[in-house]
Amino acid sequence: MSTRKETFEVRKRVFLILCASVVFMVLRFERETSKTLTQQKIDLSILDLPAIGDAGTEPMEEEQTEERKRAYRQKDLVLKVSNELSMQPEFLLESQTAVSEAFQWLAAEDSMELDAESPNLIQRLVLATLYVALDGEEWNFSGFLDDSVHECVWFSQGKGVKDCDENEDITSLALVDSNLSGSLPAELRYLSQLTNLDLRRNEIRGRIPHRLGELVNLNYLALGANHLSGSVPETLQHLESLEQLLLEDNQLIGSIAPEVCELFESGALVNMWSDCGRTDLECDCCTVCCSTPSDCGPRSSTGSDRPWEKFDSENEPQPLNIFEEAALLRQGEIPFQ
């Protein structure tokens, strides 16, 4: 009798576990699909539209339907963007990547209705790609990806696009402590006028894209306090305008390439933070090494590390939390000892 009862209990538990698994999968699917930027999808058939003026077609007139005009605009966008991003149109439309989803939104639902000749086309697409790649629906501020305004005003609560130049090219992007989650998209490299990129204190994972080395106008790159892994890409050696490189409090490993260190001599670099206080990351040139988020110190002339301290009005040493923003250090108000 007890054996039958035990068998029944086992089957009951298995059944409940299976039910819970099904419910979890359904909820997860609903959550993921609800985050899709666009409910409309442009398919490959749009590429079969005949060119205007081809044999058998007539030039579009004013009275032609808005739907037909929209279709031709979308085809032009596909061809333009795929050419600019050096990818096949089929990949852009159907790859299930962040850039693909972002393009679908831009071409089908963005109220700005950019065309293939819009000067900010790629810039707007890159920001939308960033939004998709880093789970923008969960960000803790509003206003980013507002489809009714130019992307230069995607800024609120001190976060977003902080500055654009006179040509409306983005120069400063700050998303500090914004609940970003995911991997950095390589498409960031197309923000060619970017001078300030600050993505600290988020949940960004994966590798630092080697294509960030193409952002040659950067003078401030802050990726600290995330979950970045892998090695620091050697391509950062091309950032000759870079003054501040903050990589602390991540899971980066290996050795920071000597070519990157050479920016202290050949470039503008004056300050670099990393987790070189740990044994799995080596940096012979970092100005500050961290072993934990709260234990960071300047590298001494002998190459050893010691806790970083600041002094109060009584000249008593007080611990300096790394997240007091490195601002005092960058401004020269805290001297190395």
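The exercises below work through a predicted model of one protein, each with a solution in steps.

**Exercise 1. Confidence and overall make-up**

Task: State the mean pLDDT of the protein, and find which stretches have a pLDDT below 50 and how many contacts they have beyond near neighbours in sequence.

Solution: Begin with the whole chain, where the mean pLDDT is 81 and 72% of the residues reach 70 or more. Next, take residues 26-35, where the pLDDT is below 50 and the model shows six contacts beyond near neighbours in sequence. Then turn to residues 301-337, where the pLDDT is again below 50, although this stretch has 66 contacts beyond near neighbours in sequence. Finally, set these stretches within the whole: the protein has eight helices and 17 strands, and buried residues make up 42% of its 337 residues. Of the contacts between residues at least 6 apart in sequence, 53% join residues at least 24 apart. The accessible surface comes to about 18100 Å², and carbon and sulfur atoms account for 49% of that area.

**Exercise 2. The order of a sheet**

Task: For the open sheet of four strands, work out the strand order and identify which strands lie at the edges.

Solution: Read the order across the sheet, which is β4-β6-β8-β10 with parallel pairing. The edge strands follow from the pairing on one side only, a condition met by β4 (181-183) and by β10 (251-252). Inside the sheet, strand β6 (residues 203-206) pairs with strand β8 (residues 227-230) in the parallel sense, over two bridges. To fix the register of this pair, note that R205 stands opposite H227 in β8.

**Exercise 3. Salt bridges across the sequence**

Task: From the eight salt bridges found in the whole structure, examine those of E151 with R124, R189 with E214 and R278 with D280, and say which partners are buried or partly exposed.

Solution: Start from the general idea that side chains of opposite charge can pair when their charged atoms come close. For E151 and R124, the salt bridge has an N to O distance of 2.8 Å. Because E151 lies in the loop between α5 (121-133) and β1 (155-156) while R124 lies in helix α5, the pair ties together parts that are 27 residues apart in sequence. Both E151 and R124 are buried, and together with D110 they are linked in a network of salt bridges.

For R189 and E214, the closest N and O atoms are 3.7 Å apart. R189 lies in the loop between β4 and β5 (196-198) and E214 in the loop between β6 and β7 (220-222), so this pair ties together parts that are 25 residues apart in sequence. Burial is judged by a cut-off of under 20% relative accessible area; R189, at 14%, therefore counts as buried, whereas E214, at 40%, counts as partly exposed.

For R278 and D280, the closest N and O atoms are 2.8 Å apart. R278 has 21% relative accessibility and so counts as partly exposed, and D280 is likewise partly exposed, with a relative accessible area of 36%.

**Exercise 4. The surroundings of P89**

Task: Locate P89, decide whether it is buried or exposed, and list its contacts outside its neighbours within four places in sequence.

Solution: First, place P89 in helix α3 (residues 89-94). Its relative accessible area is 15%, so P89 is buried. Leaving aside neighbours within four places in sequence, P89 is in contact with L47, V78 and S82. As a last step, compare sequence with space for P89 and K75, which are 14 residues apart in sequence and 9.7 Å apart from C-alpha to C-alpha.

Key
Residues numbered from 1 in each chain as written. Predicted model: local features only at pLDDT ≥ 70, side-chain atom pairs only at ≥ 80, totals over all residues. Heavy atoms only, no water. pLDDT = per-residue confidence, 0-100. Contact = heavy atoms within 4.5 Å. Buried < 20%, exposed > 50% of the residue type's maximum accessible area, 1.4 Å probe, protein only. Areas by Shrake-Rupley, 256 points an atom, 1.4 Å probe, with all protein chains shown as cover. Pairing = 2+ DSSP bridges. Salt bridge = Lys/Arg side-chain N within 4 Å of Asp/Glu carboxyl O.
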